[in-house]
Amino acid sequence: MRQTLVVIDMQAGFPTTPEFKFKGSLGDVTYDERRHDPELTKAIRRLVAANIREGNPIVLVEYADEGRTIPPIYNMLKGYKHRARCSKENDGGSDEVIRTIKRRKFPIGKLIVCGIFADYCVSATVGGLSRKLPKSKIIVPKNAIMSCGMGIGVGTRNYEKRHNVKIRKPARM
């Protein structure tokens, strides 16, 4: 185990395709693949698969009341012992991620962070992790984040202002 992959809010209640562009939750937690950008899902699935192959831990961060992580990602982790889920009540999930990583004794020195939405939850979580774990290296694969139906990699403008955060394109972890 060299790193921990953190997947943020890839849930049925948060669609990522342009026709479902919105500000906030749909309120419907029924999974419908048409609501989720296939390229984003594919990029995150590649990250999950690579981390499973390497035996790295994976933390699924889920916004309370928005359903589980979507099946194409969640089902990859069935039976995988180095996985954990945590629930959060607001955009920033850094406290929950840190608690989960420490409780499970997952590596904290290098974190790969992906998911939705780049300009809200991912940004808030990355910002919190950067402040609270200043010695950790945080990598955000640009092709594995998305902002409110605006496209993959959009909304990362302020990420690298933090000393320990790097944007990578494409995702090669």
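## Terms and overall layout

A residue is called buried here when its relative accessible area is under 20%, exposed when that area is over 50%, and partly exposed in between. With that cut-off in hand, the reader can approach this structure, which is a predicted model, by asking how much of the chain is covered. Of the 173 residues in the protein, 54% are buried, while the surface that the protein exposes comes to about 8,100 Å², with carbon and sulfur atoms supplying 49% of it.

The protein has four helices and eight strands, and, read from the N terminus, these elements follow the order β-α-β-α-β-α-β-α-β-β-β-β. Among the contacts with a separation of 6 or more, 73% are accounted for by residues that lie 24 or more positions apart.

## The nonpolar core

In soluble globular proteins, nonpolar side chains tend to be buried together. In this model the largest nonpolar core has 47 residues, and Val-7, Ile-44 and Val-113 are those with the most contacts inside it. If neighbours within four places in sequence are set aside, Val-7 is in contact with Ile-44, Val-48, Ile-58, Val-59, Leu-60, Val-61 and Cys-114.

Cysteines deserve a separate word. A disulfide is a covalent bond between the sulfur atoms of two cysteines. The structure holds zero disulfides. Cys-114 counts as buried because its relative accessibility is 0%, and Cys-86 likewise counts as buried, because its value of 8% falls under the 20% cut-off.

## Strand β2 and its partners

Strand β2 is mostly covered, since six of its six residues are buried. This cover extends to both faces of the strand, with Ile-58, Leu-60 and Glu-62 buried on one side and Val-59, Val-61 and Tyr-63 buried on the other.

Strands β1 and β2 run parallel and are joined by four bridges; within this pairing, Ile-8 has Val-61 of β2 as its bridge partner. Strands β2 and β3 also run parallel, and six bridges join them, with Val-59 standing opposite Ala-84 in β3.

## Helix α3

Helix α3 spans residues 94–104, and its buried residues are Ser-94, Glu-96, Val-97, Ile-98, Thr-100 and Ile-101. These buried residues pack against the strands β1 (4–8), β2 (58–63), β3 (83–88) and β4 (110–116), and also against helix α4 (121–132). Just after α3, Lys-105 takes a positive phi of about 60 degrees.

Thr-100, whose place is in helix α3, gives a closer view of this packing. Thr-100 counts as buried because its relative accessible area is 2%, and, when residues up to four places away in sequence are not counted, Thr-100 touches Val-59, Ala-84 and Cys-86. The C-alpha atoms of Thr-100 and Arg-85 are separated by 7.8 Å, and these two residues are 15 residues apart along the chain.

## Salt bridges

A search of the whole structure finds five salt bridges, including the three described here. In one of them the side chains of Lys-88 and Asp-9 meet at 3.0 Å, N to O. This pair links distant parts of the chain, with Lys-88 in strand β3 and Asp-9 in the loop between β1 and α1 (38–53), 79 residues apart. Lys-88 and Asp-9 are both buried, and each therefore has a relative accessible area under 20%.

Another salt bridge joins the side chains of Arg-85 and Glu-62, again at 3.0 Å, N to O. Arg-85 lies in strand β3 and Glu-62 in strand β2, so the pair ties together parts that are 23 residues apart in sequence. The two partners fall into separate classes of exposure: Arg-85 is partly exposed, with a relative accessible area of 34%, whereas Glu-62, at 6% relative accessibility, counts as buried. A further salt bridge is formed by Lys-42 with Glu-39, whose closest N and O atoms are 3.4 Å apart. Both residues lie in helix α1, three residues apart, about one turn of the helix. An α-helix has 3.6 residues a turn, so residues three or four places apart point the same way. Lys-42 is partly exposed, with a relative accessible area of 40%, and Glu-39 also counts as partly exposed, at 43% relative accessibility.

Methods:
Residues numbered from 1 in each chain as written. Predicted model: local features only at pLDDT ≥ 70, side-chain atom pairs only at ≥ 80, totals over all residues. Heavy atoms only, no water. Core = buried A, V, L, I, M, F, W, Y, C linked by side-chain atoms within 4.5 Å. Buried < 20%, exposed > 50% of the residue type's maximum accessible area, 1.4 Å probe, protein only. Contact = heavy atoms within 4.5 Å. Disulfide = S-S within 2.5 Å. Helix = DSSP H or I, 4+ residues; strand = E, 2+ residues; numbered from the N terminus. Areas by Shrake-Rupley, 256 points an atom, 1.4 Å probe, with all protein chains shown as cover. Salt bridge = Lys/Arg side-chain N within 4 Å of Asp/Glu carboxyl O. Pairing = 2+ DSSP bridges.
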